[in-house]
Amino acid sequence: MALFLLDHGAGNVQSLANSIRKLGYDFSWISSPEDFHKASILVFPGQGAFHTAIECLTERGLLEPLYDYIHSGKPYFGICIGMQVLFASSAESPSTLGLGLIPCQMERFDDTTKPVPHMGWNTAEPIDLDTLSSEGVSSSDHYYFVHSYRAKYDPEGNPEAALWAHSTTQYGQEVFMSTVQKGSVFGAQFHPEKSSVAGLNVIDAWIKQSLAGRTPAEPSPRIPRPPKPQHGFTRRIIACMDVRANDEGDLIVTKGDQYDVREKSLTPTLLSTATAVKTAGAVRNLGKPVALAARYFKSGADELCLLNITSFRHSPLQDQPMLAVVRAAAERVFVPLTIGGGIKDTVDPDGTKRSAVEVAGAYFRVGADKVSIGSEAVYAVEKLRAADGSLDGSSAIETISKVYGSQAVVVSIDPKRVYVDPTTYDGPYKDELVHGRPGGPENERGRAWWYQCTVSGGRETRPVSVVQLAQGAQILGAGEILLNSIDRDGTGLGFDHDLIGLVKRAVTIPVVASSGAGTKEHFVSVFMETGVEAALAAGIFHREEVGIQEVKLASGQAGINVRS
């Protein structure tokens, strides 16, 4: 039995390859239309826009052979975009036709009562309780979803499509098909390769059953599944690593206080995973990134963020050290990886031009799931505002989201407070003013401030407010906001709830709270008081002052839904 993987050319397929290798299976890649005849088991993973997937398959002459393979009756497993192409079409690009096996159009989630994309961990409830037909999907596990379009589970309105439903998931008050199955065709909207042990179990179960031979079963009657009062969606705990190169060229994790990372004053040190070195400027070098990423994965982190903070961001793409970091981390870590730093149009020292899409694509191919854009996003929003909101399609946010989908683009915002006299201020940001509370910190009482955005790691301010930047980023196509705070970073005083609430009310995409966490209670309070989708920390996790499981236990005890 020959297992083949199909790479349509846009998206993170390396993570699935890593998962299959970890499970001990051999496989080959589909490289030409003829390879479909050699395959007896086929997996089509990936992420990205619906039209991009269909166009890439068509341009490479793979769409028709894929259609023929699926109709041959041989086992097929489509993941995310590999599942979506089974449908008739998608509202993401209505003029682009899918394979049409499932007579249903993918529709966008309603974002009036919840953030879109649906980004994070959620449950999947199988239609049939028979474990032999479960394909390893369990209602007690959580799986990682990242998508804006879904296939509604509607056995009354579309009974033919509902016959394909294998499991359903609820997000907000919408119930959709999270896995589909008919005959030897199986598809998952979630990413099993990014769903930790639960996801690996799904991949393993499907491959084993395919190798043993499949006996198609008659579908059971489909009955409506009205939404429950609460969905299974969880809050995410994210571990962040600021990565730089030391004087000996090794990549290490660095954490400074309040955006203060003084590279020139560092003593060259080769670091083990457990070593922490205090140097000038209170900069702490806290272990090599790949080992630390593996430790966080084992500790139960829901997601990892790797931020490239130093000059090697400008290395030639073919000699980019962070590519090696992401590649090695993705071989050990089976949860989502976000990479930030240097995701922009660049020119190599030899004059070779590299587009932001090319740079992002290189990271996706080695195992990254999302890219984070910082300063370039500020400049793009400034340009957008100068053009009265007219999009020209040239920014990194626009070009990457067009190819890979908005869920692949995170905008990292570095705002700082600007204090004004609340009795006299009548400037352009008066509607965004935050007023110190009488019972709040003493240095805030009687004062007011707005949040100004910065670039270059907080060293330069720009004439853009945090609300303007967040809203502009969403218009340009970002799928998530990573919200830092220059004022709170490294203080251990807790997240800036005023800042987070301001941005949460301004956008309809997910927001990640960052900067200031010092205790497990800070995570609980930011989830409870702001409703933010995820919370991130770096230093307290690096130094093991607070454990990821401690945060999850405290959150669960407070009634916050988290992945165990």
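This report describes one open sheet and the cavities of a predicted model.

In this predicted model, local features need pLDDT of at least 70, side-chain atom pairs count only at pLDDT 80 or more, and totals for chains, interfaces and linings use all residues. Residues are numbered from 1 along each chain as its sequence is written, and side-chain values use heavy atoms, with hydrogens and water left out.

Eight strands (DSSP runs of E, at least two residues, numbered from the N terminus) form an open sheet with mixed pairing, in the order S2-S1-S3-S4-S13-S12-S11-S8; two strands pair if DSSP finds at least two bridges between them. Strand S2 (28-29) and strand S8 (125-126) stand at the edges with a single partner strand each, so one side of each has no neighbour in the sheet. S8 is joined by two bridges to strand S11 (residues 165-171), and the two run antiparallel.

A cavity is a set of points on a 1 Å grid over the protein atoms alone where a 1.4 Å probe fits but cannot get out, and its lining residues have an atom within 4 Å of a point. A volume is the space filled by probe spheres set on the points, which are joined across faces, edges and corners. There are three cavities of 30 Å³ or more, and two of them are set out below.

| Cavity | Volume | Strand supplying at least two lining residues |
|---|---|---|
| Largest | about 90 Å³ | S9 (143-147) |
| Second largest | about 70 Å³ | S18 (303-308) and S28 (480-483) |

Of the 13 residues that line the largest cavity, the closest to its centre are Gly48, Gln84, Glu92, His147 and Gln407. The lining of the second largest cavity includes Ile238, Glu303 and Lys370.

Definitions and conventions
Helix = DSSP H or I, 4+ residues; strand = E, 2+ residues; numbered from the N terminus. 1 Å grid on protein atoms, 1.4 Å probe; cavity = no way out; pocket = protein on both sides within 12 Å on 5 of 7 lines; lining within 4 Å.
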